[in-house]
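Student: I have a structure open on my screen and would like to learn how to read it. Could you walk me through it feature by feature?

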Amino acid sequence: MRADRAGCNHRLGPGTGHSGLLIAALAGLLISPGAVAASSEGAAWPTEVLWGDTHLHTRLSMDAGAMGTVRTPEDAYRFARGEQIVSTSGVLAQLSRPLDFLVIADHSDALGTVTEIMNGNPRFGVDPTVRRWQRMIASGDDAELLAAVFEIVGAFGASEDLPPILLDEAFARGVWNDYTAVADRFYQPGRFTTLIGYEWTSMPDWNNLHRVVIYRDDGATVRRLMPARVADGMDPEDLWRWMQRYESQTSGRVLAIPHNGNMSEGLMFSLQRFDGSPMSAGHARTRSRWEPLYETTQVKGDSETHPLLSPNDEFADYETWDDGNFYYDGADPATLAGDYARSGLKRGLEIQALVGINPFQFGLIGSTDSHTGLATADENNFFGKFVYGEPSPNRLGPWTDGAKRSGWEYPASGLAAVWATENTREAIFDAMLRREVYATTGPRMTLRFFAGWDFRAEDGESAGLAGIGYDRGVPMGGELSAGPPGEAPGFLVAASKDPESGNLDRIQIVKGWLDEAGRAWERVYDVAWSGERKPDSAGRLPPVGNTVDVADASWKNSIGSSQLAAFWTDPDFNPDRPSFYYARVIEIPTPRWTAYDAKEHKQTLPTDVPVTTRERAYSSPIWYSP
């Protein structure tokens, strides 16, 4: 054990090898998979971390179908629960470990329609615009295909340009009935959960304001109201009104998850409403009510933070996309603060100081946004964003004359981790509502994070850390009110490596707070780390090292730790200033999927192609309010 001015850190276990026994070794510290444990007061709390993807597309999505995906929702569920299937490009595909839950989030606008367009369905070809799209898609020319896709997506983003035939209610109802029935058929409570969902695809001026909508309910309930569509309004408030209508009409429950703010050109966490009017308490309250989570990492880049927003954060530049929006014309630095999770959390504090409600009080998850029907975020089993990103010697890109991004630029990310009492729709949804979730970029690291006023230094070394956290504090996603005068809150954090991935380099706690003038600030603290390293005079840790053999696409777990834990108190705490805290876990360097591809296909990669990665996890924040 080593003490520093910010608290103490604790390193457990050897720093060697892949071990399937790691979870068992952490049985007391993190609480290994089970069902429900009871605190000393008899209250139930979750002991099971469940792994899933809340953002997967099949051929029913307009863009996936147009790009040639043929995998169906049935295929996607079979793959996610561990079965072997054949990908669209003819490659055998299987997960090394099945997922616990899946949300197929096909786009609600034109759900299932593009497949019919591509098949030349004369029902849709009566419209001259659709008939032209059919010819472009059937031409066999990649540039024509991509142009047709962008026209179709653009038409749904500007509903006045949408051919009326694509809003055929009878067709849409039939597809929705089948879509929800398939989800019910694959639902196996306790083993594999299918949460019904869809993607609401608002994209004003090609700025990404997409949301994944997730239901708590079964198909019979969900079918009582058709999904919201952008064709009926692209203001997020239009979606929230639909959500309220759904709950009022069905007595069901629903939530929405904004995603990929790094391509919203500042709109995702805007200081104004969609129509440009000032933020109000009512708007802030409504957004907080319907959007408890944010998808902070996925295949289109990582959205935790940006190096221009966090210049003192040495890990800020991770899988950064500087595209601005779907025009791919470059991000305006002035808009970046509205694009990223950390700056969004800071803006939430600023808005709360003005209107009394925090609209951006969200937990953090990851998911894939894969459009292949294959939910995989593993570096050594990556199937890309679209069909042309599936494994092949040519997928490093660029794929077509019209492609804006080369294949190698897409990260293999991410996954949603949920602390739930059981593997059911209800338990997973409820965990999402209380924000007891976290994001990873792919590895299945186990992460616990608590805050409270009654923790002690020895609790960071306790075999019952999780029980102490629930008994005397609040878990990730929770809120902490004012404590005893003159005291700072304590934090308990513990992480275990994924047995199939790299050891852990460090655990950090990221803090955001308001100063007396109402301006938001941030700081990153190292609270636990591997090895015998010591911070330098500036408080920065020496690098953990790098064991990656790029040519062999391998690494050694001879550095780092299998488990890390800490008790930490905030040395800069001001009881009068609102703040938030979240944990970030960083792995040692491991091979990126590009290194695996280079080895498989005996390729020499350009020097600008990254071949290593620093996988990570982000806990949901804990907020402190005076």
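What follows is a conversation about confidence, strands, helices and backbone angles in this predicted model.

Student: Before anything else, what average pLDDT does the protein have?

Tutor: The average is 89, and 91% of the residues score at least 70. There are weak spots, though: over residues 1-29 the pLDDT is below 50, and beyond near neighbours in sequence that stretch has 87 contacts in the model. Residues 31-35 are also below 50, with 21 contacts beyond near neighbours in sequence.

Student: How should I treat stretches like those?

Tutor: Where pLDDT is low, the predicted coordinates should not be read in detail.

Student: OK, on to strands. How do I think about the two sides of one?

Tutor: In a regular strand the side chains alternate between the two faces of the sheet. Take S18, residues 446-452. One side carries Thr446, Arg448, Phe450 and Gly452, while Leu447, Phe449 and Ala451 are on the other.

Student: Are those two faces of S18 buried or exposed?

Tutor: Both are covered, with every one of those residues buried. Seven of the seven residues in S18 are buried, so the strand is largely enclosed by the rest of the structure.

Student: Which strands does S18 pair with?

Tutor: General idea up front: strands of a sheet pair through backbone hydrogen bonds, either parallel or antiparallel. Here S18 runs antiparallel to S21 (residues 490-496), joined by seven bridges. S18 also runs antiparallel to S19 (residues 474-475), with two bridges. Phenylalanine 450 is a handy landmark: it stands opposite leucine 492 in S21 and opposite proline 475 in S19.

Student: And what would a sheet with mixed pairing look like?

Tutor: There's an open one of three strands, in the order S14-S13-S15. S14 (301-302) and S15 (363-366) stand at the edges with a single partner strand each, so one side of each has no neighbour in the sheet.

Student: In what sense do S13 and S15 pair?

Tutor: Parallel, over four bridges, with S13 covering residues 293-298. If you want a spot to zoom in on, tyrosine 294 stands opposite leucine 364 in S15.

Student: Let's do helices. How do I describe two that pack together?

Tutor: Two packed helices are described by the angle between their axes and the distance between the axes. Try H4 (residues 73-80) and H9 (residues 169-186): their axes come within 10 Å and cross at roughly 25°. That makes H4 roughly parallel to H9, and the crossing is right-handed.

Student: Which residues of H4 and H9 meet?

Tutor: From H4 you have Pro73, Glu74, Tyr77 and Arg78; from H9, Tyr179, Val182, Ala183, Arg185 and Phe186.

Student: Got another pair to practise on?

Tutor: Sure. H11 (residues 236-250) and H12 (residues 281-290) pack at about 60°, with their axes 11 Å apart. H11 and H12 are therefore oblique to each other. H11 passes H12 in a left-handed crossing. At the contact, Glu237, Trp240, Met243, Gln244 and Glu247 in H11 meet His283, Thr286, Arg287, Arg289 and Trp290 in H12.

Student: What do the buried residues of H16 pack against?

Tutor: They pack against strand S26 (590-591). H16 spans residues 593-601, and its buried residues are Trp593, Thr594, Ala595, Asp597 and Ala598. Right after H16 comes lysine 602, with a positive phi near 55°.

Student: A positive phi! Where else should I look for one?

Tutor: Glutamate 319 has a positive phi of about 45° although it is not a glycine. Glutamate 319 sits in the loop between S14 and helix H13 (341-355). Aspartate 369, also not a glycine, has a phi near 60° and is found in the loop between S15 and S16.

Student: Is aspartate 369 buried or exposed?

Tutor: Buried, with a relative accessible area of 2%. Glutamate 319 is buried as well, at 17%; the cut-off for buried is under 20%.

Student: Last one: which peptide bond is cis, with omega near -5°?

Tutor: The one from serine 413 to glycine 414. Glycine 414 lies in the loop between S15 and S16, where S16 covers 415-420.

How values were computed: Residues numbered from 1 in each chain as written. Predicted model: local features only at pLDDT ≥ 70, side-chain atom pairs only at ≥ 80, totals over all residues. Heavy atoms only, no water. Buried < 20%, exposed > 50% of the residue type's maximum accessible area, 1.4 Å probe, protein only. Pairing = 2+ DSSP bridges. pLDDT = per-residue confidence, 0-100. Contact = heavy atoms within 4.5 Å. Axes fitted to C-alpha atoms, helices over the stretch in contact; angles between N-to-C directions. Parallel < 35°, antiparallel > 145°, perpendicular 65-115°, else oblique. Left-handed = near helix turned anticlockwise from the far one by under 90°.
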